[in-house]
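This report walks through a few features of one protein, beginning with a helix and ending with a bound ligand. Please keep the sequence and the 3D view open while reading.

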Amino acid sequence: MTVALRSDTDAAFNQSPLYENIDLFSSDVPLIEAVEANGAGGEAAALSAFGRQWGTADMFGLARRANENPPKLYVFDPKGFRRDIVEFHPAYHELMRASIAAGLHASTWTRSGLRAAPPAEVTRAARYYMTAQIESGHLCPITMTRAALAPLAAEPSLLAQVAAKVVTTSYDPVLRPWWEKSGVTLGMGMTEKQGGTDVRANSTAATPAGDHYVVTGHKWFLSAPMCDAFLVLAQAPGGLTCFFMPRFRPDGSVNRLNFQRLKDKLGNRSNASSEVEFAEAFALRVGEEGAGIRTIIQMVQLTRLDCALASAGFMRMALAQAVHHCRYRSVFQKHLYDQPMMRAVLADLSLEVEGAVALVMRLARAFDRAAEDPREAAYARAVTPAAKYWICKTAPGFIYEAMECLGGNGYVEESVLPRLYREAPVNAIWEGSGNVMCLDVLRALRRDEEAADLFSALAREVMPLPGAGESRIDLNSERDSEAGARLTVGRLALCAAAAALKASGPSKVTAAFVETRLLASHGALYGAGGIAAPAADLLLQRALPES
Ligand SMILES: Cc1cc2nc3c(=O)[nH]c(=O)nc-3n(C[C@H](O)[C@H](O)[C@H](O)COP(=O)(O)OP(=O)(O)OC[C@H]3O[C@@H](n4cnc5c(N)ncnc54)[C@H](O)[C@@H]3O)c2cc1C
């Protein structure tokens, strides 16, 4: 044995270079087109700068370290006094700092708590989509902070004070009273042991005490515990009510949010999710007593949009990793990328992402326009649960398929794929699980004439596409069937995605989407749908430019 032979084993042949130091925006043709089609084309240069910043090797490294070193809860100090502090790895703080500096937590609001002018939603959506590709755990408090300002509109003076602290680009992680900080983050507490979907069963009690309430009870999930305040639901004398619960009381003493433990989660490991006891905690009412669900749903609608955005982002990163690897990896004297069956798989994955990104950006535009246009408001109401259902439930299987394109390399922890795979299911579970999203859409179809008209219009919109006539959806016969709701809502989401693609992508791509997803039943297996070769070639060029 010689030294030369030993050093030979260090050489890596037939491996793809690391997929990093990329521009997450400019390398993503469907994203560029969807941003343009939804009114934010003027932001392209800024989005490209953001895409370059988040696509660096440094950012991939921060994401890895933040997840390899999950947060720890310190309930007591060494002498037995309560601390209730969660410590995060510095990498997590770096990610938070970068997201907050870019306004992901607040750019859709003005400093007085009004909605920022369009295309604020689409621009933020594009940034959020890129950020989720790199690291999603830290986006939990980012999402909730931006969403929490919506229900606070019910209390204008509180909104004005809180918005002034939220709408900054300063990340201030030190635990001190929110009004003394340069920037604050907000979380949410609805779920209790006995129920997360059926929050009417909440047993946490709120007792009026002059200008505030005293809240006693328990939350089974409360993310993210180091936020400066939370919107929580509790039973007041007049029924289930929304409250603003800060970490500190107005006199500067620590509020009684007693954290009990952190959840040991499948994924989402950089983020902390806690179990917490409220021991006569101070809280301010938000909205009327008894209007808790109506009030907090304003927040939930926005967090659901982010779930769909993040899952679409996971799919995009998984696809990019797969296409990139296959372009370099040879098997049987041919690049995987040129093997006919692998091309079919990659093209089909690309088509799924085309539909998902077109839909989420179109949905973001509806949020941009909702205040001025009732049809856009109806679109946001009805399509948000449908998009969350379809995209978030598609992501885990999609990522698994992309992982397999990398073979054993994809299964190994150092690659990004295992983290994406573990992260993906949570977006379908929290903020309303899959069935709950479908029930929401059915409810909208039954009660909300505008929503029913909208879905009919979307279905009509895709009809003129080649062969789409047979995909007609009979809303009248389907809206009453809970057992069939997944089928109905899945098809509605596909219709909405096809219509969004029609407005932003090439006709060949839209036709392939309709043929394989609306005309045929796509099922869970990619590469088996028979995308014609010219469309497959186009999809693959669009997925990642060839270097
Ligand atoms: C990592 C993580 C972090 C979280 N952070 C927070 C947080 O910060 N704040 C917070 O309040 N919550 C949080 N949650 C909780 C989450 O929102 C709930 O788990 C979720 O809403 C589901 O509630 P549940 O767990 O009680 O399940 P259940 O309500 O028991 O539902 C179980 C299943 O039944 C289905 N289902 C419910 N009703 C029906 C029906 N009528 N017909 C058919 N199927 C139905 C649901 O779709 C679901 O699949 C978090 C959860 C996770 C995993």
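## A bent helix

Helix H9 bends by about 35° at Gln298. The model examined here is a predicted one, and every value in this report was computed from it.

What span should the 37 residues of H9 have at 1.5 Å a residue? The expected span for residues 292-328 is 54 Å, and because the C-alpha atoms at the two ends of H9 are 54 Å apart, the expectation and the model agree. H9 is also mostly covered by its surroundings, with 32 of its 37 residues buried.

One residue of this helix can be followed in more detail, namely Gln301, which lies in H9. Its relative accessible area is 16%, and because the cut-off for a buried residue is under 20%, Gln301 counts as buried. The side chain of Gln301 reaches the backbone oxygen of Ala380, at a distance of 3.0 Å.

## Salt bridges within and between elements

How many salt bridges does a search of the whole structure find? The search finds 28 of them, and a few are described here.

One salt bridge joins the side chains of Glu68 and Arg64, with a distance of 3.1 Å from N to O. Both residues belong to helix H4, which covers residues 57-68, and they are four residues apart, or about one turn of the helix. In general, an α-helix has 3.6 residues a turn, so residues three or four places apart point the same way. Arg64 has a relative accessibility of 36%, so it counts as partly exposed.

A salt bridge also forms between the side chains of Glu275 and Arg261, at 2.9 Å from N to O. Glu275 lies in strand S9 (residues 273-286) while Arg261 lies in strand S8 (residues 257-262), so this pair ties together parts that are 14 residues apart in sequence. As for their surroundings, Glu275 counts as buried because its relative accessibility is 5%, whereas Arg261, with a relative accessible area of 46%, is partly exposed.

## A long-range pair and a network

The side chains of Arg517 and Asp348 meet in a further salt bridge, at 2.8 Å from N to O. Arg517 is part of helix H18 (residues 507-519) and Asp348 is part of helix H10 (residues 340-369), so the parts tied together by this pair are 169 residues apart in sequence. Are these two residues buried or exposed? Both Arg517 and Asp348 are buried.

Salt bridges can also share partners, and in this way Glu33, Glu354 and Arg542 are joined into one network.

## Around the ligand

Which residues come nearest to the ligand? Of the 20 residues around it, these are Met190, Thr191, Gly196, Thr197 and Ser223.

Several backbone atoms of the protein lie close enough to be listed with their distances. A polar backbone atom of Met188 is 2.9 Å from a nitrogen atom of the ligand, and a polar backbone atom of Gly196 is 2.6 Å from an oxygen atom of the ligand. For Phe221, a backbone N or O atom lies 3.4 Å from a nitrogen atom of the ligand. Taken alone, the ligand exposes 970 Å², and the protein buries 68% of that area. The elements that give two or more residues to the shell around the ligand are strand S3 (186-189), strand S5 (212-223), helix H13 (417-429) and helix H14 (434-447).

Key: Residues are numbered from 1 along each chain as its sequence is written. This is a predicted model: local features need pLDDT of at least 70, side-chain atom pairs count only at pLDDT 80 or more; totals for chains, interfaces and linings use all residues. Side-chain values use heavy atoms; hydrogens and water are left out. The expected span of a helix is 1.5 Å times one less than its number of residues. The bend at a residue is the angle between axes fitted to the seven residues ending there and the seven starting there. Buried means under 20% relative accessible area, exposed over 50%, partly exposed in between (1.4 Å probe, protein chains only). A salt bridge is a side-chain nitrogen of Lys or Arg within 4 Å of a carboxyl oxygen of Asp or Glu. A residue is near a molecule or strand if one of its heavy atoms lies within 4 Å of it. A polar contact is a pair of N or O atoms within 3.5 Å; within protein, one must be able to donate a hydrogen and the other to accept it, and residues adjacent in sequence count only if both atoms are side-chain atoms. Accessible areas come from the Shrake-Rupley method with a 1.4 Å probe; for residues, only the protein chains shown count as cover.
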